Amino acid sequence: MGDNITARANGAGWTKLETTRLAGIDICTASRGQLVDAAMRDCAIRDGIPPGGVSPRLVFDANGHGVSLYSSSSQFADLMAQADLIHADGGFLVAVSRWLGSAAIAERSATTDLIHDIAKAAVSADRSFYLLGGTEEINRACASELSRIYPGLRIAGRRDGYFSLDEEGDVVAEINKSGADIVWVGLGKPLEQAFSVRNRAQMNSAWVVTCGGCFNYITGAYSRAPLWMQNANIEWVYRMVTNPRQLLIRYLTTTPHALWLVIKHAWYAGRNRR
């Protein structure tokens with residue numbers, strides 16, 4: 001998987017970023033600042049390539065849900081293998097990378113933080129966003145809130161996440177017409193990965209970033225955990241408790257499974273190196 005990611009990144013001329021392998025997934029070790037810098041550099045690289053000359057850089061995330069799904073669903077694993085960059089949305093991946101003595105991940109790059117980091121940089125660099133996903137109400141409110149927080153941020157276009165497979169061509173055409181530099185796809189796993197992979201060859205942006213329920217956090221529909229819980233890598237506990245209908249079963253099943261997978265893979269890798 002790592003060789004394929006490196007080859008695609010180098011072939012397009014995208015900014016090179018180092019990775020470490022956890023649970024069979026090659027996860028970027030970069031800090032949030034380095035990811036932001038890469039996004040802005042890649043936008044500049046894309047400027048010099050005619051439309052259709054290169055596919056966008058697919059930026060997916062890894063967290064407990066994703067690691068568990070990667071192991072249990074071959075279809076999801078195939079989708080993740082098409083990513084050009086996978087960042088550590090789950091804080092436990094950062095901690096485990098340090099415990100295991102492998103190439104350590106610099107810090108957690110939660111998508112809910114990363115979108116703010118990139119938005120701030122996008123204002124200075126005059127880069128634009130397209131927001132895809134959520135209900136119409138949430139999508140509209142997210143665009144409004146980002147514009148309020150970051151005056152000058154260009155929201156080139158937006159659209160809710162309720163469309164059929166037959167309508168995808170029109171959705172992609174709308175995204176391309178907007179001229180957005182970075183497309184945020186908030187459809188939830190695995191729909192957002194499937195959409196991104198299916199349509200990458202037809203899209204003209206520099207980055208396509210999957211972001212799950214990120215728009216809900218920006219609008220305040222969902223709340224973030226206290227900072228001490230974020231720093232302790234247990235924000236998932238807060239989310240589970242505050243949104244049990246949607247997240248209780250998911251987190252109780254996928255988080256322990258993901259942690260076991262990461263430790264198991266590391267143990268086997270250690271035995272093979274002896």
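This report describes a sheet, a helix packing and several salt bridges in a predicted model.

## The sheet

The strands considered here form an open sheet of six, in the order E4-E3-E8-E7-E5-E6, and their pairing is parallel. The edges are taken by strand E4 (85-88) and strand E6 (154-159); each has a single partner strand, so one side of each is left without a neighbour in the sheet. On average, and with direction ignored, neighbouring strands of this sheet are turned by 20 degrees against each other.

Strand E8 (residues 207-210) pairs with strand E7 (residues 182-186) in the parallel sense, and four bridges join the two. Within this pairing, Trp184 has Val209 in E8 as its bridge partner. Helix H9 packs on the sheet and touches strand E3 (57-62), strand E5 (128-133), E7 and E8. The direction of H9 makes about 165 degrees with that of E3.

## Strand E8 and its two faces

E8 also runs parallel to E3, to which three bridges join it. Here Arg57 stands opposite Trp207 in E8.

In a regular strand the side chains alternate between the two faces of the sheet. In E8, Trp207 and Val209 lie on one side, while Val208 and Thr210 lie on the other. These four residues are all buried, and both faces of E8 are thus covered.

## Packing of helices H8 and H9

Helix H8 (residues 168-178) packs against helix H9 (residues 191-199) at an angle of about 75 degrees, and their axes are 11 Å apart. That angle makes H8 roughly perpendicular to H9.

On the H8 side, the contact involves Glu168, Val171, Val172 and Ile175. These residues meet Phe195, Arg198 and Asn199 in H9. By character, the residues of the contact divide into four nonpolar, one polar and two charged.

## A salt bridge between distant parts of the chain

The whole structure contains 17 salt bridges. One of them is formed by Lys189 and Asp61, whose closest N and O atoms are 2.9 Å apart. This pair links distant parts of the chain, with the two positions 128 residues apart: Lys189 belongs to the loop between E7 and H9, and Asp61 to strand E3. Both Lys189 and Asp61 are buried.

## Salt bridges within helices

Arg140 and Glu136 form a salt bridge through their side chains, at 3.2 Å from N to O. Both residues lie in helix H7 (residues 136-149), where they are four residues apart, about one turn of the helix. Arg140 counts as partly exposed, at 42% relative accessibility, and Glu136 is likewise partly exposed, with a relative accessible area of 32%.

A second pair of this kind is found in helix H12 (residues 235-242), where Arg239 and Glu235 are four residues apart and therefore separated by about one helical turn. Their salt bridge has its closest N and O atoms 3.7 Å apart. Arg239 is buried, with a relative accessible area of 12%. Glu235 is buried too, with a relative accessible area of 3%.

## A network of salt bridges

Arg239 and Glu235 also take part in a network of salt bridges. The other residues linked in this network are Arg32, Arg108, Asp113, Asp117 and Arg224.

How values were computed:
Residues are numbered from 1 along each chain as its sequence is written. This is a predicted model: local features need pLDDT of at least 70, side-chain atom pairs count only at pLDDT 80 or more; totals for chains, interfaces and linings use all residues. Side-chain values use heavy atoms; hydrogens and water are left out. Axes are lines fitted to C-alpha atoms, for helices over the stretch in contact, and angles run from 0 to 180 degrees between N-to-C directions. Angles under 35 degrees count as roughly parallel, over 145 as roughly antiparallel, 65 to 115 as roughly perpendicular and the rest as oblique. Contact means heavy atoms within 4.5 Å. Ala, Val, Leu, Ile, Met, Phe, Trp, Tyr, Cys and Pro count as nonpolar, Asp, Glu, Lys and Arg as charged, and the others, Gly among them, as polar. Two strands pair if DSSP finds at least two bridges between them. A salt bridge is a side-chain nitrogen of Lys or Arg within 4 Å of a carboxyl oxygen of Asp or Glu. Buried means under 20% relative accessible area, exposed over 50%, partly exposed in between (1.4 Å probe, protein chains only).
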